Each structure stands twice: as structure tokens, then as C-alpha cells.
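Please open the structure in a viewer and keep the selection tool at hand. The tour proceeds by selections, each followed by a short account of what is found there.

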Amino acid sequence: MIKWLCLFFSYVLMVSSHSWLGLWLSMEMNSLSFVPIMIEESKESSLKYFLIQSVASVIFLASILSQSFSFLTPFALLIKIGAAPFHVWLISISKSVSWKVLAFLMTFQKIGPLLGLAMIQFTSSFFILISAVIGGLGGVNQSNIRLIMAFSSVSHLSWLMVNMTSFFLVSAYYVAYVVILLSVIALLSQSGLLSLAQMSDGTSLIYSASVMFGLLSLAGLPPFLGFFIKWMSLEMNLLSPTLILTLVLSSCLSVYFYFKIAVTSLLFPSEGGAQGAETLAILSMGFNVLLPLSAL
Amino acid sequence: MCISLHLTVYRSNKCLLLIFIIPISWNLLIKNILFAFGLSSVLWLAKTIIHLLSSLNSSQVMIYSSYYMMGETFVNRFMYMMLGFISSMVLLIMSSDGLSLMLGWDGLGITSYLLIMFYKNYNSSSSGMITILSNRVGDVLILWSLGLMFYSKSWDYMFLSYFSLSIMLLFILSSFTKSAQLPFSAWLPAAMAAPTPVSSLVHSSTLVTAGIYLMIRLSPSFEESGCFLLVVMGALTSFFSGLAAFGENDLKRVIALSTLSQLGVMMFSLGLGLTLFCYFHLFAHALFKALLFMCSGVVIHSLGVQDNRRMGGVSSMLPYTSYIILVCSLSLMGFPYLSGFFSKDLIIESSESLCMLFPSVLMLVSCLLTSTYSSRIAMVCLCSYNYNLSCQYSDEEGEYLTPLFVLYWGAVMGGYIFLLMFSGGDVSIILGPLKSFLLLSLITVGVILPYFVKSFSLSLSHYVSSMMFLPFITGRTSFMPLLMGELLYHEGDCGWVEEAGPSLIHHNSLRGSSLFSFLTSSPYKVLILSSLLFTLFMYFYS
């Protein structure tokens, strides 16, 4: 109980900090209180997580305190967030934790570093390009659904980094991304499926349909919510053609692995399956489909 | 004027249809709502009336098909395909520019192909293939014209500027394919392999009138001057299909060819610049032709045969249906004051003054032939005794009675109502003393003619019923292109194009992805290697 309290307190501290030191303090508290949550699932992953996050915190502290190391701030924050080329820990952790922890890891643990990156307005096209490429290509050959979601988080990070110049855009993209991702993960964790081969064992039609809607929303297909945030990122920022091309092509590649999940679950529906997921399914569909349509 | 919205509630073999008619005051509201979705309200009245007509026909055919398709395993599939067809037609009617027209056009082609192929035999399959290929030619022509319209900076019909002549020609040719005018009319008789509800909806009032509708939408560009191509093709189609129906024995084929004949009349009137008369004929024809097909479906179901020579004595078995067949045939012939009379008479009488002798003579002969084969159907079905001892017998009950009743009133009153709406009841055309009785005299001669021409010699009937050997010609000329097409597909699309495009991208992305997975995998030296690579890459990049 206390660990959850500490965790949520760290989020509160993050968003209300006025200085770099406050941000560092809250990020430390965040990672330290997340470790006990992870340690129930897998000791090795929690150790990896702790080590990576503390190294990143050290680099971050050094960069904010000294002037000669201040160029290291974005790198430290990128290590914390799991962007390429520092994504390796995220991939290896995702293999062995549960969906709940993964949900937290991919959504709320990113608040602190994203705040820091938004403060310094970090848009380096190198990191955007390489996150897009790795996130897109990495998920193609996977069969573990959690690994697919981890690679998807890497590729979405590239889209997030695109609109770091404006705080409003970052927060809009982030909020929408959190909503979509939580709805998808809530559905995927209901059925307890681990790998792609298991998706065809028979799930109810409404479950498969809402999983598909959520995944296609993540992929950025109109008319779902995910399309509108990606469109916003492309329109509201001045981007070079190579950047636009790479982002869109990586989106196309990610469509491939989202479709793999969605289609295998749709081609073998059954009447049974997760019954309790009915309301959840409808709720998630509401977010992904109806929310953007209401804006029209 | 009102819009009719209809809801089709489909429950387990029964197709209930509710027609809600929204009053006049809501017309503007719906216009504005649709405008927000990008559907413009140009020519709203014309669109609404055709929409009303096709909604009426579709709704009645859906009820009828619950009777006709009873007992089929795949009724669900049929119903959904019909709904797809109806929605494509509505899209086509409501479209104001070439792009949504393309969507509706293609939707019509695909859904009609699927509906024709409903019964699973080679006959249906080959008929469907003829249909889709003919329609495909029209699709390609419309795509071509869309490409040309690109230079007018708008796909709306109103803005045709530089390439207008070629665009119009392409649209005319594509409507020829859709409405089965002469070079492309091989598919309509063959499409009778479809179930009868499909014939009555698709091949009588909606699909084949899509081409005519397109021409009506584009008619301002040739209204003043007339279009000789349309006149000649319409007249020829009308004549040859009438001749073919004269020698045809299959009941549904005769009705299909009569549809083709009336389509020829519509094209003919468009070519003369009589747009309103063509619209009128479209309206009236759709009303009674669907009804005629439905009645023929009832006759076929109750007798079990489709051939004229095995039918007879239907009037004692199905009095209601045979009465409606009689009324529809009379309307088709142009019997005075029924639905078909007004439009047909107007067109024929106007054509006396407006065009050269040959097309109008062809039109008159086709009217004669219309009355001939219509009375032949009526006579053969209704009057004579049935010498076929092994036929079935059925009473007149079923859900088809409602649609027959509803459309019957349309067939009787529809023409007059249309006339009232558009011209206040008096349209006067001045002709000489002999010519004003032209249509009536043709009908009379046509009705009497079958008594004298009861049997054909075999060779004559072969020539007459094969429509100047048109299917033979189109079949043979398309052999070499199809062979080349197969070669192109096998070597190209399945061969090196596949290897250079999709397959290549797939394999390379899998290889790249496995490379990245390898670089993020657990062994320590791999991690060191990948971090080294990344630092080098970063150093050289920035």
C-alpha cells in the first residue's frame, strides 16, 4: 500500500516541481518506489530497471549541477524514458513483467522525463529517426505481445519527441496516447494471452473487435483517436521531408505488427471468452472511436 | 415533394419494411445536414425523385425476395448483398461529383456481380464474368475521365472546361457499358442467370438506369445541340433488342430484352435533347418493369419452368398475378393512359420533328416489336392450356402480394402523377392528323401480329434471337487480350513484380527486425557491441 502511495506522491511532486532539482528528486522517488512493485513479478527485471534508472539519474544530476556536463541532460532523460538507442532495458524488461506493471511502465513512468525534455524543448532528429526505425522494425519479427507493445512504445516516443517544441502539443499527444494504450492493455490483460500463437484460440467477437480498434488507433489509422494525434504532430510542427517520411513509414511498419495481433484474434472468434470484458470493451471502443468523431 | 427514408428490419427470414415519409418542412433541414457531410444539394429535386423511386423499388423487392429466396441456405448473404447494392445506388444518386460517382458506380458493379453469381453453377459464373468485365470497361473509362477532369481543378460536373469533349465522350461510352447499349449489350440477357429479385431490382430499374442517370446529370452540355451518337445507338439498341426478344423463348430473357429496348428509347430521347422526357420514361419504366419481373418470378416458381413453350394456363392458377402481368405488359406497350403511355408517346411524337428518318423509323419498329413480344408473353403464359403434364401447381399466397399491390398502383398511376407534377397536366405536341394515332396503331398491329407469326423456322430464330451475333463477336475479339493478360499476370504480377516489391520489402524488414532483436538480446557481448555501434553512429552523425 505504501509503495503505491509513494508512487502517486512522486507523480504529484513531478508535476509541481519548479526546478531541475525538484524534478530530479521526484524522478528518484518515482524509480525507487516503482522497484518494489516490480520485484513481486520478477527480480531480475527490477534489478535491471533499478540499475538503469539510477545510472540515468546520476548523469542527470551531474548535468543539471555542472555547466560543462549540461549537454548530457537530454541523454539522461532519454535513457530514463527508454528511447532508442537506449531502449534495450525496456525490451528485456517487457519480456518478464505482467501487464499491469508494463502499463505503468509505459505510461506514467514517462511523465517525469517528458517534463524535463519539454522544458529544454529537445528535438534532435537523430533520436527521432532512430526511435522510429527501431520501433517500427523491431516489432515486426516478434511473437510475444508484450514485446510488440514495448516496441510500439519506442516508436510512439519518436512521435512524442517530434512535438517537444510546444508543451501543449506534447501533453495532448501524451494524454491521448495514455488513454489509447491503457484501453488496449486493459483488454489484452483480461484474457491473459501471452503470445501471438495464442490469440487464435478463440475469444469473443466483441473482444477481438475492440482490441482491433485499440490497436489500429495506436497504429494511427483514421477515424480513430491515434490518427488525429499523429496528424496534429505532422501539421503543427515544421519538419524536414526525411523526418516526415521516416515517421510515416515507421507507422506503416507498426501497422503490420498491430494487424498481426488483431487479425489472428479476429479470424477465430468464439462465443465464449472473457465475459467480463464486455463493458471494458465497449468503454475502450468509446474512447478510440467515438471520442474523435464527437470532435467533428 | 418529400424524401422517403426507409428502414429495413431483417429478422430471421422475414423482411419487414417500414417507409417513413418525412414531410415537406424537413426537406431543407436534411439538405443542410447532408451539405455538412459534403453532399451538395444541386439538382435536389431530381435526385430526390429518383431516390424515392429506387427506395420504393428496393423496399418492395426486399419483401418479395423473402418469398422468393425462402428455403435458401445463404439467405443472409443475399440480403446483405442486396443492401450493399441499394446503398451503392443511393450513393450514386446523391453524388454531385465524379469521385463519389466512381464509388457508387464501382459498388454497383461489384454487388451486381456477386448477386448474379449467387447460384453456384457455371452458367451463373460465366454470366457474372461477362457482366463484371463489361462494367469494368465503363469503370476504366470513368477513371480516365476523372483523370482528365483533374485539369479542371474540380471533380464536380459543373466545372468541365478544357477537355470537355473527350470527357463527355468517355462518360457517354461508360454509360453505354452500364446501360447495355449496343456494343456492350451482351451482358444483360446473360445476367438473367441471377435470382429473380436481383433481376427485378438490378436489371430493370436501378443498375441499368445508372448510366441513363449519369447522362441526365450531364445533359446540359448536349441539350441544345443533341447528340447523334446517342440517337443512333439508342435506336439501334432498341430495334435489335426488340428483334431478339421477338425470337426468344425464355421468359426472363424476353423481359430483359424489353428492358434493353426501353433503355434504347431513353438514350434516343436524350440524344434528341428531350431530357425531361427521358427522365419521365426512366421513372415510369422503373415502376412497371420491376413489377413485371416480380410477376414472372411468381410464375416461374409456381410452374417450375422458365421456358415459354412449357407455360400456359397461368391465369386460372394465379389470377391476381396474371392480371398484373397484363397491366404491366400494356403499360410497357404504351397503352393509353397507363404509366408507360405518357412518356413513350411524348418521345415518339417529339421524335417525328426532331431527327432524321432512319432512327425514328427504327424506334417505331421497336415499338411494334415491343407490343408483339409483350402480347406474346401474355398470350403464352396466360391464355393457352398447359400441355406440360409434369408442372407444379400453387395457390396465390405468400409475401409477394404486398409488393405487387404497391407497385401496381405505381404502374397504373405513376405516369399521370409525374405528368401532373411537372407540367400541370397539359403537354401539347402538334402533329399531323395521321401521326397522332401512331403509337396506338402500332400497339394494335403488334397485338394482332403474334396470331399470324406463331412459329419460326430454326435458322431465322437463331439469327433473330442472337442480336446480330453480338455476343459471338464480343466473345471472340476478347480472346487474345485475355490471353496476353494471363501471361502478364503470371510472369509479372506473380513473378518479378512480386519479387521486386512486396516480397522484397517483407523479407528485408524481417531481416532488419531480427537484426535489431539480436542487438537487444541478452548476451553481454552483444550489448557491448550494439552500444559501440550506436556511439560510433552518433559520433559520425552529429
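The tour below visits salt bridges, then a helix of chain B, and then the interface of the two chains. Please bear in mind throughout that this is a predicted model.

**Stop 1: a salt bridge between two parts of chain A**

A search of the whole structure finds four salt bridges over all chains. Begin by selecting Lys3(A) and Glu40(A), whose side chains meet in a salt bridge with an N to O distance of 2.4 Å. Lys3(A) lies in helix α1, residues 2–15 of chain A, while Glu40(A) belongs to the loop between α2 (20–39) and α3 (43–65), so this pair ties together parts that are 37 residues apart in sequence. Now display the surface of the protein. Lys3(A) counts as partly exposed, because its relative accessibility is 23%, and the cut-off for buried is under 20%. Glu40(A), at 55% relative accessibility, counts as exposed.

**Stop 2: a salt bridge within helix α3 of chain A**

Next, select Lys48(A) and Glu44(A). Their side chains meet in a salt bridge of 3.5 Å, N to O. Both residues lie in helix α3 of chain A, where they are four residues apart, about one turn of the helix. Is Glu44(A) buried or exposed? With a relative accessibility of 54%, Glu44(A) counts as exposed, whereas Lys48(A), at 26%, counts as partly exposed.

**Stop 3: a network in chain B**

Move to chain B and select Arg136(B) and Asp139(B). The side chains of these residues meet in a salt bridge, at 2.5 Å from N to O. Both belong to helix α5 of chain B, residues 122–149, and are three residues apart, about one turn of the helix. Which residues are linked with Arg136(B) in a network of salt bridges? Add Asp106(B) to the selection: Asp106(B), Arg136(B) and Asp139(B) are linked in such a network. On the surface display, Arg136(B) is partly exposed, with a relative accessible area of 38%. Asp139(B), by contrast, counts as buried at 3% relative accessibility.

**Stop 4: helix α17 of chain B**

Select residues 438–452 of chain B, which form helix α17, and find Ile448(B) within this helix. Ile448(B) counts as partly exposed, at 43% relative accessibility. Then select Arg376(B) as well. The two residues are 72 residues apart along the chain, and their C-alpha atoms are separated by 9.8 Å.

**Stop 5: the interface of chain A and chain B**

Finally, colour the two chains separately and turn to the place where they touch. Here 19 residues of chain A are in contact with 14 residues of chain B. The area buried between the chains is about 1400 Å², and carbon and sulfur atoms give 75% of that area. Select Val88(A), Phe126(A) and Leu137(A): they supply 34% of the area that chain A buries against chain B, more than any other three residues.

Which helices of chain A should be highlighted on this side? Helices α5 (88–94), α8 (125–138) and α13 (241–267) of chain A each supply at least two residues of the side that touches chain B. Of the contributions to this side, that of α8(A) is the most, with nine residues. By class, the side of chain A that touches chain B has 14 nonpolar, five polar and no charged residues. Across the interface the search finds zero salt bridges. There are, however, three residue pairs in polar contact between chain A and chain B.

How values were computed. Residues numbered from 1 in each chain as written. Chains lettered and ligands numbered in written order. Predicted model: local features only at pLDDT ≥ 70, side-chain atom pairs only at ≥ 80, totals over all residues. Heavy atoms only, no water. Buried < 20%, exposed > 50% of the residue type's maximum accessible area, 1.4 Å probe, protein only. Contact = heavy atoms within 4.5 Å. Buried area = accessible area lost by both parts, 1.4 Å probe. Polar contact = N/O pair within 3.5 Å; in protein donor to acceptor, adjacent residues only side chain to side chain. Nonpolar A, V, L, I, M, F, W, Y, C, P; charged D, E, K, R; others polar.
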